[in-house]
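Visitor: I should like to learn how to read a protein model. May we look at one together, feature by feature?

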Amino acid sequence: MQNDESTPKDKWNSYDFIEEHLFNAELSWEESQRRYDQWARDGSYDKILGNQPTVYNAPLAFHDGMIDLFQDKTAVRILDVACGTGLSGQVLHDLGYTNIDGLDASAGSIEIARKKGIYTKFHNCKIGGDTPVPIPDNTYDAACMSGAFAPGHLPLSALPEIIRIIKPGGYFMNCMREEFFTSVPEYANKFLPLLESMVKDGKIRQVAWTIYPHHYLNNDGVRMIYQKL
Ligand SMILES: C[S@@+](CC[C@H](N)C(=O)[O-])C[C@H]1O[C@@H](n2cnc3c(N)ncnc32)[C@H](O)[C@@H]1O
């Protein structure tokens, strides 16, 4: 595998190349971050994935999930978890949400997101793992994720952490590729049982579960919305 310095820039325009080099469970998380930094900064991420519903439909799924979730969109505080370059936050902003924070581990992605002027503030940190994010319990009215749960991306431990920082009565919305529930070792036989056990324990309730096409290319996505109880 070539390193980033020797990778011809136009190779990033190949969807197979993206699949192999970004959505690859064998890639270390640090290496994946290095690639996100590069891909964001050189403009490739937005060019390849932005505004193309048959290539990356998660932002549209975000739109449909958030359009009616809150009546007063200026009153609520939202966290876009794994905000990347802001494709997902842009959708929230265009819907009229005015108080959106972004969280992402990739400084290069945050640099691009910041320039869009749609976020109030950023948390440049990793979510999931041993260290909690520097956000107090019960802070946000909603946390939204698109493309966050993927091979080598957020570990499953990020899910309880996300719920910790949502207010009781608040929501989380997660748009992810459906096949990842079974194909990603970190999530297989764990992701859905974790959700089920939290529902059973009265910590969350399911609000919506919707399958949509083209989460990424011809791979269906799931948009799940849960409320913290
Ligand atoms: C496919 S991009 C999605 C970005 C954006 N939500 C969108 O829809 O375009 C995945 C993002 O997850 C971020 N990421 C991966 N693992 C992370 C972690 N553990 N904590 C925070 N960010 C993470 C990457 O840096 C990258 O920006």
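Visitor: Among contacts between residues at least 6 apart in sequence, what share joins residues at least 24 apart?

Guide: This is a predicted model. In the chain, 68% of such contacts join residues at least 24 apart in sequence.

Visitor: How many helices and strands does the chain have?

Guide: The chain has nine helices and seven strands. Its radius of gyration is 17 Å, close to the 17 Å that the globule rule gives for 229 residues, so the chain is as compact as a globular protein of that length. The C-alpha trace spans about 50 × 40 × 35 Å along its principal axes.

Visitor: How should I read burial, and what percentage of the residues in the chain is buried?

Guide: One counts neighbours: a residue is buried if 20 or more other C-beta atoms lie within 10 Å of its own, and exposed if 12 or fewer do. Buried residues make up 40% of the 229 residues here.

Visitor: Is helix 4 mostly covered or mostly open?

Guide: Helix 4 is mostly covered, with seven of its nine residues buried. These buried residues are Ala58, Pro59, Leu60, Ala61, Phe62, Gly65 and Met66. They pack against helix 5 and against four strands, namely strand 4 (140-146), strand 5 (166-177), strand 6 (204-216) and strand 7 (219-228).

Visitor: And does helix 9 lie largely in the open, or is it covered?

Guide: In helix 9 (residues 191-200), the number of buried residues is zero out of 10, so this helix lies largely in the open. Helix 9 is followed by Gly202, whose phi is positive, near 75 degrees.

Visitor: How do I read the packing of two helices, and at what angle do the axes of helix 4 and helix 5 cross?

Guide: An α-helix has 3.6 residues a turn, so residues three or four places apart point the same way. In this structure, the axes of helix 4 (residues 58-66) and helix 5 (residues 87-95) come within 9 Å and cross at roughly 35 degrees. The crossing is right-handed. Helix 4 brings Ala58, Pro59, Phe62, His63 and Met66 to the contact, where they meet Leu87, Ser88, Val91, Leu92 and Leu95 of helix 5. By class, this contact has eight nonpolar, two polar and no charged residues.

Visitor: How many residues surround the ligand, and which are the closest?

Guide: The ligand is surrounded by 21 residues, and the closest are Ala82, Gly84, Leu87, Ser106 and Gly147. At least two residues of the shell come from each of helix 2 (29-41), helix 4 and helix 5. By class, the shell has 10 nonpolar, nine polar and two charged residues.

Visitor: What may I learn from the sign of phi?

Guide: Most residues other than glycine have a negative phi. Asn51, although not a glycine, has a positive phi of about 55 degrees. Asn51 lies in the loop between helix 3 (44-49) and helix 4, and is exposed, with 12 other C-beta atoms within 10 Å. Asn189 also has a positive phi, near 60 degrees, and is a residue other than glycine. Asn189 is placed in the loop between helix 8 (180-183) and helix 9. With 9 C-beta neighbours inside 10 Å, Asn189 counts as exposed.

Visitor: Finally, how does Glu31 count by its C-beta neighbours?

Guide: Glu31 lies in helix 2. Glu31 has 17 C-beta neighbours inside 10 Å and therefore counts as partly exposed. Glu31 and Glu19 are 12 residues apart along the chain, and their C-alpha atoms are separated by 14 Å.

Technical notes
Residues numbered from 1 in each chain as written. Predicted model: local features only at pLDDT ≥ 70, side-chain atom pairs only at ≥ 80, totals over all residues. Axes fitted to C-alpha atoms, helices over the stretch in contact; angles between N-to-C directions. Left-handed = near helix turned anticlockwise from the far one by under 90°. Contact = placed C-beta atoms within 7 Å. Nonpolar A, V, L, I, M, F, W, Y, C, P; charged D, E, K, R; others polar. Near = placed C-beta within 6 Å. Rg over C-alpha atoms; globule rule 2.2 N^0.38 Å.
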